[in-house]
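Q: Please take a close look at one part of this model, the packing of its interior, and then set that part against the sheet elsewhere in the chain. I would like a connected account rather than a list.

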Amino acid sequence: MQRARCYLLGESAVVLELEPPVSLESQQRIWGLTRRLEESDAIREVIPGMNNITVILRDPQSLAIDGIERIQRWWEESEAIIPESRRVEIPVIYGGDFGPDLSVVAEHNDLTISQVVEQHASAEYIVYFLGFQPGFAYLGGLAPELYTPRRAEPRLLVPAGSVGIGGGQTGIYPLATPGGWQIIGQTSVKLFNPTSEPPTLLAPGDTVRFVPQKEGVC
């Protein structure tokens with residue numbers, strides 16, 4: 001079992017943080033602990049992350065220390081949960097104006113552009129959690145051969161639908177925002193719609209596949 005430490009964050013939150021590495025098994029246990037914590041009347045909100053959980057307490061003055069001990073114990077007792085999931089295919093136009101950093105990823109990893117596209121599109125990715133902005137899915141499963149550092153200077157504006165690689169992860173920007181990931185393609189699929197229920201396309205546990213498209217088809 002991965003070691004975990006709990007600590008206070010500000011005046012009303014407790015964080016449980018796991019030691020590396022990140023794995024699907026540990027993330028499934030985080031999903032299980034999240035469900036258990038959400039059933040507690042003493043907790044206002046639970047925010048699962050990558051190898052961590054942040055818990056907002058209703059009465060932090062009286063519950064903080066007890067909360068640390070309880071969350072630590074519940075983690076040790078937690079079991080993995082495999083939620084109901086869907087297989088979601090995301091059409092992507094790779095390279096060109098839609099993926100200005102595709103050649104950067106290729107050069108960094110000593111690959112051809114075609115090899116980058118092939119490897120990126122051949123993997124199955126698991127949604128570990130949503131964060132950063134509404135609908136942004138942190139995906140596990142990127143091939144190590146594609147790991148590429150983030151840009152030294154983030155862009156002031158990354159278009160919505162941009163597919164990028166940042167370090168050992170890949171993901172899709174649901175909304176236009178500043179960002180430092182290497183952009184390799186773009187999709188027209190909307191990952192966040194505030195008028196829909198649920199508003200996010202992806203959920204933890206979903207399987208994602210990227211499907212290469214020709215320009216004008218995506």
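A: It is convenient to begin with a hairpin and come to the interior from there, keeping in mind that the model is predicted. Strands β3 and β4 form a hairpin with three residues between them, and in the turn Asn51 has a positive phi of about 65 degrees. The two strands, β3 covering residues 43-48 and β4 covering residues 52-57, run antiparallel and are joined by five bridges; within this pairing Val46 stands opposite Val55 of β4.

The hairpin belongs to an open sheet of four strands, whose order is β1-β2-β4-β3 and whose pairing is antiparallel. Because β1 (4-9) and β3 stand at the edges with a single partner strand each, one side of each is left without a neighbour in the sheet. Direction ignored, neighbouring strands of this sheet are turned against each other by 20 degrees on average. At the β1 end of the strand order, β1 pairs with β2 (residues 13-18) in the antiparallel sense over six bridges, and here Cys6 stands opposite Leu16 of β2.

The interior itself is best approached through the largest nonpolar core, which has 26 residues, and in which Tyr94, Val208 and Phe210 touch the most other members. Several elements supply at least two residues each to this core: the strands β5 (87-94), β6 (125-130), β7 (137-140), β9 (162-166) and β13 (207-212), together with the helices α3 (102-108) and α4 (113-122). Of the contributions to this core, the largest share is that of β5, with four residues. A second core, separate from this one, has 17 residues, among them Leu18, Ile53, Trp74 and Trp75.

Within the larger core, Val208 gives a first view of the packing: leaving aside neighbours within four places in sequence, Val208 is in contact with Val88, Ile90, Ala123, Glu124, Tyr125, Val127, Leu139 and Leu202. One of these partners, Ile90, lies in strand β5 and is buried, with a relative accessible area of 0%. Seen from Ile90, and not counting residues up to four places away in sequence, the contacts are with Ile172, Thr187, Val189, Leu201, Val208, Arg209, Phe210 and Val211. For a sense of distance along the chain and across the fold, Ile90 and Gln115 are 25 residues apart in sequence, while their C-alpha atoms are 19 Å apart in space.

Among the contacts of Ile90 is Thr187, a residue of the loop between β12 (182-186) and β13. Thr187 counts as buried because its relative accessible area is 5%, under the 20% cut-off for that term. Its side chain has polar partners on the backbone: the side chain of Thr187 reaches the backbone oxygen of Pro91 at 2.7 Å, and a polar atom of that side chain lies 3.1 Å from the backbone nitrogen of Val189. Val189 is itself listed among the contacts of Ile90.

A further buried loop residue completes the account. Gln133 lies in the loop between β6 and β7 and is buried as well, with a relative accessible area of 12%; not counting residues up to four places away in sequence, Gln133 touches Tyr173, Pro174, Leu175 and Thr177.

Notes: Residues numbered from 1 in each chain as written. Predicted model: local features only at pLDDT ≥ 70, side-chain atom pairs only at ≥ 80, totals over all residues. Heavy atoms only, no water. Core = buried A, V, L, I, M, F, W, Y, C linked by side-chain atoms within 4.5 Å. Buried < 20%, exposed > 50% of the residue type's maximum accessible area, 1.4 Å probe, protein only. Contact = heavy atoms within 4.5 Å. Polar contact = N/O pair within 3.5 Å; in protein donor to acceptor, adjacent residues only side chain to side chain. Pairing = 2+ DSSP bridges. Axes fitted to C-alpha atoms, helices over the stretch in contact; angles between N-to-C directions.
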